[in-house]
Amino acid sequence: MARPFQLSDPVRARQLADAIAILAPPTPVKIVHVCGTHEMAITQHGLRRFLPENVEILEGPGCPVCVTPTADIDAVVQIAEAGAIVCTFGDMTRVPGTRLTLEQTRSKGCDIRVVLSIAEAVHIARETDREVVFFAVGFETTTPMTAAVLLDDPPSNFSVLVSHKKIPEAMAVLLNLPGTNIQGYLAPGHVSTILGLAPYAKQLDTFKIPIVVGGFEPLDILYAIALILRQIRDGVGFVENAFPRAVSDEGNLAAQILIETVFESTEVHWRGIGAIPDSGYRLRDEFTQFDARQRFQIEGETGDEHIPGCRCADVLTARATPADCPLFGTRCTPLSPVGPCMVGSEGACSIWFRYGGRELP
Amino acid sequence: MTQNNDRISPLHGAGGAMMGQLLAEHVLPHFVSSQVGRINLSDMDDGATIALPSAGELVMTTDSHVVKPIFFPGGDIGKLAAAGTLNDLAVMGARPLALSLAVIIEEDFIISDVDRIVKSFADTLIGSETPLICGDTKVMGRGEIDGIAINTTGLGIADPAIGDAGAVAGDVVIVTGSMGDHGMALMAAREEFHLETELISDVASIWPMIRTILPVGGIHAMKDPTRGGLAAALNEMASKSKTTIELNQPAIPIRPEVQGLSDMLGISPLEVANEGKAVLIVSPAVADQILEMLRKHPLGHDAEIIGHVGGEYPGRVVLTTDVGGRRFLDMPLGDPVPRIC
Amino acid sequence: MCLAAPAKVISITNSTAVVDYNGVQTTTRLDTLTEPVAPGDYVLIHTGFAIRRLSAEDGEETLKLFDQLAESLNDSAEATDSRDS
């Protein structure tokens with residue numbers, strides 16, 4: 001059944017695969033993307049089969065669920081145990097904090113509700129006297145929504161636990177880490193719908209590698225990979241837009257203004273990577289009345305437990321594939337996950353395990 | 001003690017006059033009398049009898065149902081329980097002989113809801129000409145059980161019974177209709193998602209459709225893809241027969257609404273439950289004939305050939321994707337949740 | 001981190017719209033959009049808010065991009081051939 005903007009015609013896929021084969025250099029090429037939805041699309045559609053053996057594409061820190069610090073989860077658990085109604089996206093419910101996941105907290109009797117939108121959380125807050133807290137996770141695609149709601153006269157019993165992050169800054173950090181060896185980035189399509197192209201240029205221009213913004217249909221992804229290889233062939237490295245139907249140079253100005261009005265940049269901790277300056281958001285002073293950390297007096301330390309053998313840190317920084325981790329598929333599976341890459345349903349390890357990424361038929 | 005006549009009380013499960021009244025007014029009237037044996041439901045004896053046919057294998061199956069919500073678009077727990085058990089028999093190749101119905105109801109449950117549920121159950125049985133011959137009623141206190149739980153046991157006769165392990169290389173894989181309807185309809189019905197759609201559960205007894213194709217023969221394996229969806233059913237069938245099931249994704253029928261929900265929520269239609277469908281693995285000699293016969297039946301209108309059986313990766317399912325890629329389709333794990341990434 | 005699906009705008013009331021994904025309807029907020037939308041347009045929606053307007057032609061335009069790439073590689077392949085021969 002065709003859906004609008006479905007771009008998955010196998011004949012064109014073959015043509016793009018041929019283009020990729022023509023453009024690819026004879027030497028190994030490592031392309032990194034930073035979006036769980038890209039990894040889902042690549043794995044679920046079996047796109048790696050269209051790539052020559054020397055062209056590799058892997059996921060970096062593209063799963064905001066996976067990189068949410070343990071301290072944030074602990075904060076939300078604490079808030080739920082204090083009796084507040086906690087609203088969260090579905091994929092956050094199984095990520096472990098120091099003690100519990102949100103799902104386990106709910107089983108204990110706390111009121112934790114899965115919502116599809118922060119708007120639903122506000123709706124819940126209007127219908128009750130109890131405190132309602134929204135766990136605001138996500139990159140720049142999701143940050144404008146939190147801002148919009150806070151600017152729209154939310155009820156006084158509503159607050160947010162801010163855990164939004166910025167992806168271009170993380171992309172730059174990866175390029176400075178030893179051993180990442182990234183020759184090109186497939187930049188996230190919907191984040192770019194919001195940001196436009198400038199933030200990538202600002203963060204990544206000095207590295208002179210191809211940065212191609214790609215969409216999420218199978219053909220979009222193959223096309224973006226072809227453009228990355230074309231830049232490599234031509235010895236150039238600049239920001240290129242392979243997703244013009246959804247991304248303009250300047251991005252979504254209304255959304256950018258919303259973010260700018262409500263949030264300011266701050267250093268935040270990325271699980272598995274560490275602290276990255278200016279890579280996250282915190283509420284500006286005039287909005288701190290809605291800061292759940294202040295309202296519930298959360299004080300937390302950041303730090304991840306390191307589990308011997310777990311290579312999540314390497315997977316998140318694109319220095320290893322899930323299959324390179326000795327625990328993958330044996331001690332670490334979605335049913336008994338060890339690290340965040342397996343727990344977060346958009347983590348590379350979870351996707352590879354569930355959708356056959358570790359081996360190609 | 002004043003009785004709230006609208007709601008279940010502990011006395012309704014106590015075996016005395018109150019329970020007798022509940023059964024007489026709200027349960028038994030929904031069922032037709034059975035001729036399957038000498039002692040049956042209306043006798044209210046300790047058990048019921050079935051006169052067994054002289055040939056064939058006796059097939060027995062049991063299921064418990066605790067679905068939430070109890071009433072959902074396209075059906076309710078009563079219809080689900082009846083269809084679920086009838087379908088388990090049908091995909092074993094068994095003509096249903098009789099069902100039992102045991103309910104455990106929470107105190108304060110609304111009695112008219114009991115009526116609704118039992119009527120749904122009874123209507124589903126009538127549609128497949130199957131009698132209810134025995135049952136049981138229990139009541140638990142407020143909070144000790146969530147609403148209602150139903151167990152059904154079904155007996156059928158198959159000649160021969162068809163298992164799920166008999167696939168051989170060269171066989172053809174057929175589904176009787178669109179995939180993912182029930183699971184997605186229930187997901188869409190969750191109040192907090194604020195979605196409106198005409199998509200309803202596909203819950204239905206498929207015995208009237210399956211009985212038409214059994215005489216053809218050549219059906220090597222059959223399964224109903226309930227929890228875990230098509231992906232779970234096919235993985236079991238591949239694993240038990242040690243064959244490879246090669247699936248052609250573009251051929252799998254998916255309703256537009258199911259595709260829309262899948263795109264919105266990030267949940268695959270191949271991993272969610274179907275309650276009115278079967279997957280068949282048949283000899284290539286009969287595949288076209290069986291497909292045609294399925295399509296003649298209203299429940300099989302959208303039947304399709306979706307793959308074939310090979311041997312390259314014993315025990316695995318391989319998916320050729322809509323864009324022409326290939327990947328393994330593995331056993332799904334647990335209940336899917338909507339995602340943002 | 002980008003699950004967003006295109007839906008068709010059915011009707012608009014102030015800054016919310018009723019949208020349709022292949023027969024599933026829901027409402028979405030429009031206050032995160034820069035450009036105005038009209039019924040019949042498509043919007044990309046992420047967590048209940050529209051982030052981009054798409055018009056039906058955008059799909060066709062994208063296919064043209066793919067074809068242009070294929071053609072440019074054919075052209076340079078032919079140019080190489082004619083130089084060699």
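## Where chain C meets chain A

In this predicted model, 30 residues of chain C are in contact with 42 residues of chain A. On the chain C side, four elements each supply at least two residues: the strands β1 (5–13), β4 (42–46) and β5 (49–54), along with the helix α1 (57–84). Which of these gives the most? That is α1(C), with 9 residues.

If you are thinking about the chemistry of this contact, the side of chain C that touches chain A divides into 16 nonpolar, 8 polar and 6 charged residues.

## A covered helix in chain A

Let's turn to helix α2 of chain A, which spans residues 36–44 and is mostly covered, with 9 of its 9 residues buried. Walking along the helix, you will meet A:Gly36, A:Thr37, A:His38, A:Glu39 and A:Met40, then A:Ala41, A:Ile42, A:Thr43 and A:Gln44, which are buried. A residue earns that label here because 20 or more other C-beta atoms lie within 10 Å of its own.

What do these buried residues pack against? Within chain A, their neighbours are the strands β1 (29–33), β2 (55–59) and β7 (184–188), plus the helices α11 (218–234) and α16 (348–355). Chain B takes part too, through its strand β14 (326–328). After α2(A) comes A:Gly46, a residue with a positive phi near 65 degrees.

## A hairpin in chain A

Another feature of chain A to look at is the pair formed by β10 (residues 263–270) and β11 (residues 274–283), which run in the antiparallel sense and share 7 bridges. To find your way around the pairing, you can start at A:Thr266, whose bridge partner in β11(A) is A:Gly280.

The two strands, β10(A) and β11(A), make a hairpin with 3 residues between them. In the turn sits A:Gly272, and its phi is positive, at about 90 degrees.

## Two domains in chain B

Chain B is assigned two domains: domain 1 covers 10–158 and domain 2 covers 172–328. The C-alpha centres of these two domains of chain B lie 27 Å apart. Their contact takes 21 residues from domain 1 of chain B and 20 residues from domain 2 of chain B.

Which elements of domain 1 of chain B give two or more residues to the side that touches domain 2? They are α2 (77–90), β4 (94–106) and α3 (111–127) of chain B. The largest share of that side, 9 residues, comes from α2(B). By residue class, the side of domain 1 of chain B that touches domain 2 divides into 10 nonpolar, 8 polar and 3 charged residues.

Notes. Residues are numbered from 1 along each chain as its sequence is written. Chains are lettered from A and ligands numbered from 1 in the order in which they are written. This is a predicted model: local features need pLDDT of at least 70, side-chain atom pairs count only at pLDDT 80 or more; totals for chains, interfaces and linings use all residues. A residue is buried if 20 or more other C-beta atoms lie within 10 Å of its own, exposed if 12 or fewer, and partly exposed in between; C-beta atoms are placed from the backbone. Two residues are in contact if their C-beta atoms, placed from the backbone, lie within 7 Å. Two strands pair if DSSP finds at least two bridges between them. Ala, Val, Leu, Ile, Met, Phe, Trp, Tyr, Cys and Pro count as nonpolar, Asp, Glu, Lys and Arg as charged, and the others, Gly among them, as polar. Domain bounds come from an automatic or database domain assignment.
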